[in-house]
Amino acid sequence: MKKTFLLLFALLLSGSVAFAQSGQIEFTEFDLDNGLHVILHQDNSTPIVSVSVMYHVGSKNEQPDRTGFAHFFEHLMFEGTKNIPRGEYSKFVEKAGGTLNASTSPDRTYYYEILPSNQLEMGLWLESERMLHAKVDSVGIQTQKKVVIEEKKQRVDNTPYGSFQEELMKRAFKEHPYRWTTIGDPDHIRAAKDEEFQHFYDEFYVPNNAVLVIAGDIEPENTRELVKKYFGDIPSGEGDIYRPDVVEPPLKGEVRDTIFDNIQLPLLLQAYRSPAMGTEDFYALDMLNTLLADGQSSRLHKSLVDEQQLAMQAGSFPFPFREPGVNIAYAFPNMGNDIKDVEDAMIAEIEKVKTDLIDEHEFQKLQNQIESDIVSGNTRIATRANNLARYYTYFGDAGMINSELEKYMAVTREDIHRVANKYFNADNRVVLYYLPKSQKQ
(Lines give C-alpha, C1' and ligand atoms only; values in the text may rest on other atoms or scores of the structure.)
Protein backbone atom coordinates (compact mmCIF):
# COMPACT_ATOMS: atom_id res chain seq x y z
CA MET A 1 0.00 0.00 0.00
CA LYS A 2 2.79 2.42 0.88
CA LYS A 3 4.58 1.94 -2.43
CA THR A 4 1.31 2.13 -4.35
CA PHE A 5 0.32 5.44 -2.82
CA LEU A 6 3.75 7.00 -3.22
CA LEU A 7 3.80 5.95 -6.88
CA LEU A 8 0.40 7.54 -7.31
CA PHE A 9 1.79 10.82 -6.02
CA ALA A 10 4.89 10.47 -8.19
CA LEU A 11 2.76 10.12 -11.34
CA LEU A 12 1.43 13.62 -10.74
CA LEU A 13 3.99 15.43 -10.42
CA SER A 14 10.44 12.70 -12.99
CA GLY A 15 27.44 8.03 -13.51
CA SER A 16 29.34 10.14 -11.10
CA VAL A 17 28.79 13.85 -10.89
CA ALA A 18 31.10 16.17 -12.81
CA PHE A 19 31.96 18.85 -10.27
CA ALA A 20 34.31 21.74 -10.63
CA GLN A 21 37.00 21.98 -7.98
CA SER A 22 34.70 24.34 -6.11
CA GLY A 23 32.08 21.57 -5.83
CA GLN A 24 29.82 23.24 -8.39
CA ILE A 25 28.14 21.60 -11.39
CA GLU A 26 29.67 23.25 -14.43
CA PHE A 27 27.66 24.28 -17.49
CA THR A 28 27.67 26.84 -20.28
CA GLU A 29 24.74 28.72 -21.81
CA PHE A 30 23.96 30.56 -25.01
CA ASP A 31 20.98 31.76 -27.02
CA LEU A 32 20.15 31.26 -30.67
CA ASP A 33 18.75 34.12 -32.70
CA ASN A 34 15.30 32.52 -32.64
CA GLY A 35 15.18 32.74 -28.84
CA LEU A 36 16.04 29.15 -27.96
CA HIS A 37 18.08 29.01 -24.77
CA VAL A 38 20.73 26.27 -24.75
CA ILE A 39 22.54 24.78 -21.75
CA LEU A 40 25.51 22.41 -22.12
CA HIS A 41 26.82 20.28 -19.26
CA GLN A 42 29.86 18.12 -19.91
CA ASP A 43 30.42 14.88 -18.00
CA ASN A 44 32.68 12.42 -19.82
CA SER A 45 32.66 9.80 -17.05
CA THR A 46 30.04 7.67 -18.84
CA PRO A 47 29.45 7.39 -22.62
CA ILE A 48 25.86 8.60 -22.52
CA VAL A 49 24.16 11.87 -23.32
CA SER A 50 20.84 13.39 -22.32
CA VAL A 51 19.06 15.54 -24.89
CA SER A 52 16.10 17.33 -23.37
CA VAL A 53 13.72 20.16 -24.17
CA MET A 54 11.54 21.90 -21.62
CA TYR A 55 8.70 24.01 -22.96
CA HIS A 56 7.31 26.75 -20.74
CA VAL A 57 3.76 25.50 -21.03
CA GLY A 58 1.66 23.46 -18.66
CA SER A 59 -1.96 23.11 -17.66
CA LYS A 60 -2.01 26.63 -16.19
CA ASN A 61 -1.62 28.00 -19.75
CA GLU A 62 -4.91 26.43 -20.82
CA GLN A 63 -8.39 27.93 -20.95
CA PRO A 64 -11.06 26.84 -18.44
CA ASP A 65 -13.16 25.22 -21.17
CA ARG A 66 -10.19 23.55 -22.89
CA THR A 67 -8.23 21.84 -20.14
CA GLY A 68 -5.83 18.97 -20.75
CA PHE A 69 -4.15 20.44 -23.85
CA ALA A 70 -0.58 20.45 -22.50
CA HIS A 71 -0.90 16.81 -21.40
CA PHE A 72 -2.48 16.00 -24.76
CA PHE A 73 0.58 17.37 -26.55
CA GLU A 74 2.86 15.33 -24.32
CA HIS A 75 1.33 12.38 -26.19
CA LEU A 76 0.75 13.93 -29.61
CA MET A 77 4.35 14.94 -30.10
CA PHE A 78 5.37 11.29 -30.22
CA GLU A 79 3.05 10.72 -33.20
CA GLY A 80 5.63 11.64 -35.80
CA THR A 81 6.75 14.64 -37.84
CA LYS A 82 7.03 15.80 -41.43
CA ASN A 83 10.17 13.66 -41.81
CA ILE A 84 9.44 10.90 -39.26
CA PRO A 85 6.69 8.41 -40.18
CA ARG A 86 3.79 8.02 -37.81
CA GLY A 87 4.60 5.69 -34.93
CA GLU A 88 8.35 5.64 -35.69
CA TYR A 89 9.61 8.40 -33.38
CA SER A 90 10.33 6.19 -30.38
CA LYS A 91 11.81 3.43 -32.52
CA PHE A 92 14.75 5.63 -33.58
CA VAL A 93 15.78 5.94 -29.93
CA GLU A 94 15.09 2.34 -28.97
CA LYS A 95 17.04 0.94 -31.94
CA ALA A 96 20.00 3.11 -30.90
CA GLY A 97 19.94 1.57 -27.42
CA GLY A 98 18.44 4.62 -25.74
CA THR A 99 15.35 5.53 -23.76
CA LEU A 100 12.94 8.46 -23.97
CA ASN A 101 9.97 9.88 -22.14
CA ALA A 102 8.04 13.05 -21.36
CA SER A 103 6.04 14.59 -18.54
CA THR A 104 3.65 17.46 -17.99
CA SER A 105 3.02 19.59 -14.91
CA PRO A 106 0.91 22.70 -14.34
CA ASP A 107 4.01 24.79 -15.17
CA ARG A 108 6.01 23.01 -17.91
CA THR A 109 6.25 20.14 -20.40
CA TYR A 110 9.47 18.12 -20.60
CA TYR A 111 10.78 15.78 -23.30
CA TYR A 112 14.05 13.86 -23.17
CA GLU A 113 16.16 11.11 -24.70
CA ILE A 114 19.01 9.25 -22.99
CA LEU A 115 21.33 7.95 -25.69
CA PRO A 116 24.79 6.53 -26.27
CA SER A 117 26.93 9.62 -26.75
CA ASN A 118 27.71 8.73 -30.36
CA GLN A 119 23.98 9.22 -31.06
CA LEU A 120 23.91 12.86 -29.96
CA GLU A 121 23.22 14.14 -33.45
CA MET A 122 20.23 11.86 -33.84
CA GLY A 123 18.79 13.12 -30.54
CA LEU A 124 19.13 16.72 -31.67
CA TRP A 125 17.47 15.91 -34.99
CA LEU A 126 14.55 14.22 -33.23
CA GLU A 127 13.88 17.15 -30.91
CA SER A 128 14.28 19.72 -33.69
CA GLU A 129 11.78 17.77 -35.78
CA ARG A 130 9.35 17.78 -32.89
CA MET A 131 9.75 21.53 -32.45
CA LEU A 132 9.40 22.42 -36.14
CA HIS A 133 7.46 19.66 -37.88
CA ALA A 134 5.27 17.80 -35.38
CA LYS A 135 2.24 16.15 -36.97
CA VAL A 136 -0.79 18.02 -35.69
CA ASP A 137 -3.28 16.40 -38.02
CA SER A 138 -6.71 14.83 -37.72
CA VAL A 139 -5.38 11.26 -37.66
CA GLY A 140 -2.99 11.87 -34.78
CA ILE A 141 -5.47 14.07 -32.92
CA GLN A 142 -8.23 11.46 -33.05
CA THR A 143 -5.80 8.74 -31.96
CA GLN A 144 -4.48 10.68 -29.00
CA LYS A 145 -7.93 11.85 -27.93
CA LYS A 146 -8.79 8.21 -27.31
CA VAL A 147 -5.47 7.62 -25.55
CA VAL A 148 -5.72 10.49 -23.06
CA ILE A 149 -9.40 9.89 -22.32
CA GLU A 150 -8.64 6.24 -21.58
CA GLU A 151 -5.65 7.31 -19.47
CA LYS A 152 -7.89 9.41 -17.25
CA LYS A 153 -10.23 6.46 -16.79
CA GLN A 154 -7.36 4.21 -15.76
CA ARG A 155 -5.27 6.62 -13.68
CA VAL A 156 -8.01 8.72 -12.06
CA ASP A 157 -11.53 7.38 -12.40
CA ASN A 158 -10.77 3.69 -11.84
CA THR A 159 -7.80 3.96 -9.48
CA PRO A 160 -8.29 3.96 -5.70
CA TYR A 161 -7.79 7.53 -4.43
CA GLY A 162 -6.96 8.51 -8.03
CA SER A 163 -9.16 11.59 -7.88
CA PHE A 164 -7.44 13.05 -4.81
CA GLN A 165 -5.62 15.83 -6.68
CA GLU A 166 -8.68 16.80 -8.68
CA GLU A 167 -10.86 16.89 -5.57
CA LEU A 168 -8.33 18.87 -3.53
CA MET A 169 -7.34 21.43 -6.13
CA LYS A 170 -10.85 22.43 -7.15
CA ARG A 171 -11.55 23.21 -3.51
CA ALA A 172 -8.21 24.87 -2.74
CA PHE A 173 -8.41 27.20 -5.78
CA LYS A 174 -11.37 29.06 -7.20
CA GLU A 175 -9.73 31.45 -9.68
CA HIS A 176 -6.20 30.29 -10.50
CA PRO A 177 -5.78 27.66 -13.27
CA TYR A 178 -4.15 25.36 -10.71
CA ARG A 179 -7.77 24.52 -9.89
CA TRP A 180 -7.78 21.96 -12.70
CA THR A 181 -5.32 19.09 -13.12
CA THR A 182 -2.93 18.38 -15.97
CA ILE A 183 -4.90 15.43 -17.25
CA GLY A 184 -7.82 17.76 -17.90
CA ASP A 185 -11.48 17.19 -18.62
CA PRO A 186 -12.25 14.54 -21.28
CA ASP A 187 -15.25 16.56 -22.45
CA HIS A 188 -12.93 19.47 -23.29
CA ILE A 189 -10.65 17.19 -25.32
CA ARG A 190 -13.59 15.62 -27.15
CA ALA A 191 -15.06 19.01 -28.04
CA ALA A 192 -11.81 20.63 -29.24
CA LYS A 193 -11.41 21.10 -32.97
CA ASP A 194 -8.26 20.30 -34.91
CA GLU A 195 -7.49 23.98 -35.46
CA GLU A 196 -7.54 24.60 -31.70
CA PHE A 197 -4.77 22.04 -31.22
CA GLN A 198 -2.82 23.58 -34.10
CA HIS A 199 -3.09 27.02 -32.52
CA PHE A 200 -1.85 25.65 -29.17
CA TYR A 201 1.15 24.07 -30.88
CA ASP A 202 1.96 27.23 -32.85
CA GLU A 203 1.82 29.39 -29.72
CA PHE A 204 3.71 27.33 -27.18
CA TYR A 205 6.00 24.79 -28.89
CA VAL A 206 8.39 27.33 -30.31
CA PRO A 207 12.10 27.99 -29.66
CA ASN A 208 11.52 31.24 -27.79
CA ASN A 209 9.39 29.31 -25.28
CA ALA A 210 11.87 26.49 -24.69
CA VAL A 211 15.21 25.55 -23.21
CA LEU A 212 17.40 22.82 -24.71
CA VAL A 213 19.71 21.02 -22.27
CA ILE A 214 22.43 18.66 -23.47
CA ALA A 215 24.24 16.87 -20.67
CA GLY A 216 26.78 14.08 -20.59
CA ASP A 217 29.62 12.82 -22.73
CA ILE A 218 29.90 15.76 -25.12
CA GLU A 219 32.51 18.05 -26.63
CA PRO A 220 31.08 21.54 -26.07
CA GLU A 221 32.26 23.32 -29.22
CA ASN A 222 31.16 20.53 -31.53
CA THR A 223 27.85 20.29 -29.68
CA ARG A 224 27.30 24.02 -30.07
CA GLU A 225 27.71 23.71 -33.84
CA LEU A 226 25.30 20.78 -33.97
CA VAL A 227 22.72 22.77 -32.03
CA LYS A 228 22.98 25.60 -34.56
CA LYS A 229 22.69 23.10 -37.40
CA TYR A 230 19.47 21.54 -36.17
CA PHE A 231 17.75 24.38 -34.31
CA GLY A 232 19.16 27.59 -35.78
CA ASP A 233 16.72 27.80 -38.70
CA ILE A 234 13.55 27.10 -36.69
CA PRO A 235 11.50 30.33 -36.71
CA SER A 236 10.47 32.06 -33.51
CA GLY A 237 6.86 31.98 -32.51
CA GLU A 238 4.69 34.88 -33.54
CA GLY A 239 2.75 37.00 -31.08
CA ASP A 240 2.63 36.98 -27.31
CA ILE A 241 2.75 33.74 -25.34
CA TYR A 242 -0.12 33.45 -22.88
CA ARG A 243 0.98 33.68 -19.25
CA PRO A 244 -1.84 33.72 -16.68
CA ASP A 245 -1.47 36.46 -14.08
CA VAL A 246 -4.22 35.34 -11.72
CA VAL A 247 -3.55 35.94 -8.03
CA GLU A 248 -5.64 33.55 -5.94
CA PRO A 249 -7.25 35.28 -2.95
CA PRO A 250 -6.80 33.79 0.53
CA LEU A 251 -8.89 30.74 1.34
CA LYS A 252 -10.37 32.51 4.39
CA GLY A 253 -11.75 29.47 6.13
CA GLU A 254 -11.40 25.73 6.31
CA VAL A 255 -13.07 23.70 3.57
CA ARG A 256 -14.17 20.19 4.54
CA ASP A 257 -15.74 17.43 2.50
CA THR A 258 -16.10 13.67 2.21
CA ILE A 259 -15.44 11.59 -0.91
CA PHE A 260 -16.96 8.13 -1.11
CA ASP A 261 -14.79 5.99 -3.37
CA ASN A 262 -14.26 2.38 -4.43
CA ILE A 263 -11.71 1.80 -1.69
CA GLN A 264 -11.23 -0.52 1.26
CA LEU A 265 -9.21 1.78 3.54
CA PRO A 266 -10.10 5.35 4.54
CA LEU A 267 -7.69 8.18 3.75
CA LEU A 268 -7.26 11.53 5.47
CA LEU A 269 -6.02 14.45 3.35
CA GLN A 270 -5.19 17.98 4.44
CA ALA A 271 -4.15 20.50 1.77
CA TYR A 272 -2.66 23.72 3.11
CA ARG A 273 -2.19 26.63 0.73
CA SER A 274 1.58 27.09 0.44
CA PRO A 275 4.28 29.42 -0.97
CA ALA A 276 5.70 29.28 -4.48
CA MET A 277 8.91 27.46 -5.37
CA GLY A 278 12.05 29.54 -5.02
CA THR A 279 10.79 31.67 -2.15
CA GLU A 280 12.37 31.69 1.31
CA ASP A 281 9.16 30.33 2.79
CA PHE A 282 9.16 27.42 0.32
CA TYR A 283 12.56 26.22 1.50
CA ALA A 284 11.56 26.51 5.14
CA LEU A 285 8.28 24.67 4.55
CA ASP A 286 10.07 21.95 2.59
CA MET A 287 12.41 21.42 5.53
CA LEU A 288 9.39 21.26 7.80
CA ASN A 289 7.98 18.50 5.59
CA THR A 290 11.25 16.59 5.92
CA LEU A 291 11.01 16.92 9.68
CA LEU A 292 7.42 15.70 9.71
CA ALA A 293 7.53 12.95 7.13
CA ASP A 294 10.95 11.85 5.84
CA GLY A 295 11.59 8.31 7.00
CA GLN A 296 10.59 6.17 9.94
CA SER A 297 12.22 8.55 12.41
CA SER A 298 10.06 11.47 11.21
CA ARG A 299 7.62 12.99 13.64
CA LEU A 300 4.39 11.92 11.97
CA HIS A 301 5.56 8.34 11.52
CA LYS A 302 6.88 8.02 15.06
CA SER A 303 3.75 9.49 16.62
CA LEU A 304 0.85 8.24 14.48
CA VAL A 305 2.31 4.94 13.26
CA ASP A 306 4.74 3.70 15.94
CA GLU A 307 3.66 5.19 19.24
CA GLN A 308 -0.11 5.66 18.98
CA GLN A 309 -0.63 3.04 16.26
CA LEU A 310 -3.44 5.11 14.82
CA ALA A 311 -2.21 4.99 11.22
CA MET A 312 -0.41 2.55 8.97
CA GLN A 313 1.15 5.42 7.05
CA ALA A 314 1.38 9.20 7.46
CA GLY A 315 3.25 11.90 5.59
CA SER A 316 3.44 15.45 4.33
CA PHE A 317 4.82 16.92 1.10
CA PRO A 318 4.55 20.04 -1.07
CA PHE A 319 3.35 20.22 -4.63
CA PRO A 320 6.35 22.02 -6.19
CA PHE A 321 4.51 24.65 -8.22
CA ARG A 322 6.08 27.79 -9.67
CA GLU A 323 3.29 29.87 -8.12
CA PRO A 324 1.70 29.50 -4.69
CA GLY A 325 0.27 26.00 -4.47
CA VAL A 326 -0.57 23.46 -1.79
CA ASN A 327 1.16 21.32 0.80
CA ILE A 328 -0.50 17.97 1.50
CA ALA A 329 -0.54 16.02 4.74
CA TYR A 330 -2.10 12.57 4.67
CA ALA A 331 -2.67 9.44 6.73
CA PHE A 332 -4.15 5.98 6.26
CA PRO A 333 -5.90 5.00 9.52
CA ASN A 334 -5.28 1.55 10.95
CA MET A 335 -8.24 -0.80 10.92
CA GLY A 336 -10.60 -0.02 13.77
CA ASN A 337 -9.42 3.58 14.28
CA ASP A 338 -11.74 6.47 13.61
CA ILE A 339 -10.47 8.86 10.93
CA LYS A 340 -11.33 11.84 13.16
CA ASP A 341 -9.00 10.50 15.86
CA VAL A 342 -6.24 10.23 13.26
CA GLU A 343 -6.89 13.81 12.14
CA ASP A 344 -6.76 15.09 15.72
CA ALA A 345 -3.45 13.29 16.28
CA MET A 346 -1.97 14.74 13.07
CA ILE A 347 -3.05 18.26 14.02
CA ALA A 348 -1.60 17.79 17.50
CA GLU A 349 1.76 16.83 16.01
CA ILE A 350 1.72 19.88 13.75
CA GLU A 351 0.80 22.08 16.71
CA LYS A 352 3.97 20.97 18.48
CA VAL A 353 6.07 22.46 15.67
CA LYS A 354 4.02 25.63 15.83
CA THR A 355 4.51 25.92 19.58
CA ASP A 356 8.14 24.93 20.17
CA LEU A 357 11.39 25.35 18.28
CA ILE A 358 12.93 22.07 17.19
CA ASP A 359 16.06 21.31 19.20
CA GLU A 360 19.57 21.77 17.82
CA HIS A 361 20.27 18.04 17.47
CA GLU A 362 17.11 17.44 15.42
CA PHE A 363 17.84 20.53 13.34
CA GLN A 364 21.36 19.32 12.53
CA LYS A 365 19.96 15.95 11.48
CA LEU A 366 17.43 17.78 9.29
CA GLN A 367 20.16 19.81 7.57
CA ASN A 368 22.16 16.64 6.95
CA GLN A 369 19.12 14.97 5.36
CA ILE A 370 18.53 17.93 3.06
CA GLU A 371 22.17 18.09 2.01
CA SER A 372 22.26 14.37 1.29
CA ASP A 373 19.04 14.54 -0.75
CA ILE A 374 20.26 17.41 -2.93
CA VAL A 375 23.72 15.99 -3.56
CA SER A 376 22.49 12.45 -4.26
CA GLY A 377 19.68 13.85 -6.41
CA ASN A 378 22.23 15.26 -8.83
CA THR A 379 24.27 12.10 -9.27
CA ARG A 380 22.41 11.09 -12.44
CA ILE A 381 23.01 12.96 -15.68
CA ALA A 382 19.30 12.86 -16.50
CA THR A 383 18.43 14.50 -13.17
CA ARG A 384 21.01 17.24 -13.67
CA ALA A 385 19.59 17.97 -17.12
CA ASN A 386 16.07 18.18 -15.71
CA ASN A 387 17.15 20.47 -12.88
CA LEU A 388 19.06 22.80 -15.19
CA ALA A 389 16.03 23.05 -17.47
CA ARG A 390 13.60 23.61 -14.62
CA TYR A 391 15.64 26.29 -12.87
CA TYR A 392 16.01 28.20 -16.11
CA THR A 393 12.36 27.82 -17.11
CA TYR A 394 10.96 28.79 -13.73
CA PHE A 395 13.46 31.40 -12.59
CA GLY A 396 15.61 32.31 -15.60
CA ASP A 397 18.60 31.08 -13.59
CA ALA A 398 20.08 27.65 -14.29
CA GLY A 399 22.75 28.49 -11.71
CA MET A 400 20.25 27.68 -8.97
CA ILE A 401 21.39 24.08 -9.40
CA ASN A 402 24.49 25.21 -7.48
CA SER A 403 22.88 27.66 -5.06
CA GLU A 404 19.75 25.89 -3.88
CA LEU A 405 21.58 24.02 -1.12
CA GLU A 406 22.70 27.37 0.26
CA LYS A 407 19.06 28.50 0.35
CA TYR A 408 18.13 25.45 2.40
CA MET A 409 21.12 25.88 4.70
CA ALA A 410 20.08 29.50 5.29
CA VAL A 411 16.81 28.32 6.86
CA THR A 412 16.84 28.64 10.65
CA ARG A 413 14.90 26.89 13.36
CA GLU A 414 12.97 30.12 13.77
CA ASP A 415 12.04 30.08 10.07
CA ILE A 416 10.58 26.58 10.39
CA HIS A 417 8.60 27.68 13.42
CA ARG A 418 7.40 30.77 11.55
CA VAL A 419 6.18 28.99 8.40
CA ALA A 420 4.44 26.33 10.48
CA ASN A 421 2.41 29.09 12.11
CA LYS A 422 1.90 31.01 8.88
CA TYR A 423 0.64 28.18 6.65
CA PHE A 424 -0.48 25.22 8.78
CA ASN A 425 -3.70 26.82 10.01
CA ALA A 426 -7.32 25.71 9.88
CA ASP A 427 -8.45 28.72 7.83
CA ASN A 428 -5.80 27.92 5.21
CA ARG A 429 -6.63 24.28 4.54
CA VAL A 430 -8.89 21.87 2.72
CA VAL A 431 -9.70 18.63 4.56
CA LEU A 432 -10.98 15.58 2.71
CA TYR A 433 -12.05 12.26 4.12
CA TYR A 434 -11.85 9.46 1.57
CA LEU A 435 -14.23 6.73 2.75
CA PRO A 436 -15.42 3.43 1.28
CA LYS A 437 -18.73 3.67 -0.56
CA SER A 438 -20.06 1.09 1.84
CA GLN A 439 -20.01 3.75 4.57
CA LYS A 440 -22.26 6.13 2.64
CA GLN A 441 -25.58 6.57 4.37
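Modeller: Buried means under 20% relative accessible area, exposed means over 50%, and partly exposed lies in between (1.4 Å probe, protein chains only). Helices (H or I, at least four residues) and strands (E, at least two) are DSSP runs, numbered from the N terminus. The model discussed here is predicted: local features need pLDDT of at least 70 and side-chain atom pairs count only at pLDDT 80 or more, whereas totals for chains, interfaces and linings use all residues. Residues are numbered from 1 along each chain as its sequence is written, and side-chain values use heavy atoms, with hydrogens and water left out.

Colleague: How many residues of E6 are buried?

Modeller: Strand E6 spans residues 210-216. Ala210, Leu212, Ile214 and Gly216 are buried on one side, and Val211, Val213 and Ala215 are buried on the other. The strand is therefore largely enclosed by the rest of the structure, the number of its buried residues being seven of the seven.

Colleague: Which strand runs parallel to E6?

Modeller: Two strands pair if DSSP finds at least two bridges between them. Strand E3 (residues 48-55) meets E6 over seven bridges in the antiparallel sense, with Ser52 opposite Val213. In another pairing with E6, His41 stands opposite Ala215. There, six bridges join E6 in the parallel sense to strand E2.

Colleague: Which residue takes a positive phi in the hairpin of E1 and E2?

Modeller: Strand E1 (residues 28-31) runs antiparallel to E2, with four bridges between them. Thr28 faces Leu40 in E2. Five residues lie between the two strands of this hairpin, and the one with a positive phi near 100° is Gly35.

Colleague: Does Glu79 count as buried or exposed?

Modeller: Glu79 is placed in the loop between helix H2 (69-76) and helix H3 (89-95). Its relative accessibility is 8%, and therefore Glu79 counts as buried.

Colleague: With which side chain does the side chain of Glu79 make a polar contact?

Modeller: Contact means heavy atoms within 4.5 Å. Leaving aside neighbours within four places in sequence, Glu79 is in contact with Pro85, Arg86, Gly87, Gly140, Thr143 and Gln144. A polar contact is narrower in scope: a pair of N or O atoms within 3.5 Å, where within protein one must be able to donate a hydrogen and the other to accept it, and residues adjacent in sequence count only if both atoms are side-chain atoms. At 2.8 Å, the side chain that makes such a contact with Glu79 is that of Gln144.

Colleague: How many residues of H2 are buried?

Modeller: The buried residues of H2 include Phe69, His71, Phe73 and Glu74. Among the elements that cover them are strand E4 (99-104), strand E5 (109-116) and helix H5 (138-157). Helix H2 is largely enclosed by the rest of the structure because its buried residues number eight of the eight.

Colleague: How many aromatic pairs does a search of the whole structure find?

Modeller: Rings of Phe, Tyr and Trp (its six-membered ring) pair if their centres lie within 6.5 Å; planes under 30 degrees apart count as stacked, over 60 as edge-to-face and the rest as tilted. With this definition, the number of aromatic pairs found in the whole structure is 29.

Colleague: What is the angle between the planes of Phe72 and Phe197?

Modeller: Phe72 and Phe197 form a stacked pair, 4.3 Å centre to centre. The pair links distant parts of the chain, Phe72 in helix H2 and Phe197 in helix H8, 125 residues apart. Both Phe72 and Phe197 are buried. The angle between their planes is 25°.

Colleague: Over the ring of which residue does the charged end of Arg224 sit?

Modeller: A charge sits over a ring if NZ of Lys or CZ of Arg is within 6 Å of the ring centre and within 35 degrees of the ring normal. The charged end of Arg224 is 4.1 Å from the centre of the ring in question, which belongs to Phe30.

Colleague: With which residue does Glu254 form a salt bridge?

Modeller: A salt bridge is a side-chain nitrogen of Lys or Arg within 4 Å of a carboxyl oxygen of Asp or Glu. For Glu254, the closest N and O atoms are 2.6 Å apart in its salt bridge with Arg429. Glu254 lies in the loop between helix H9 (220-231) and strand E7 (255-261) and Arg429 in strand E11 (residues 429-436), so the pair ties together parts that are 175 residues apart in sequence. Glu254 is partly exposed, at 32% relative accessible area, whereas a value of 8% makes buried its partner, Arg429.
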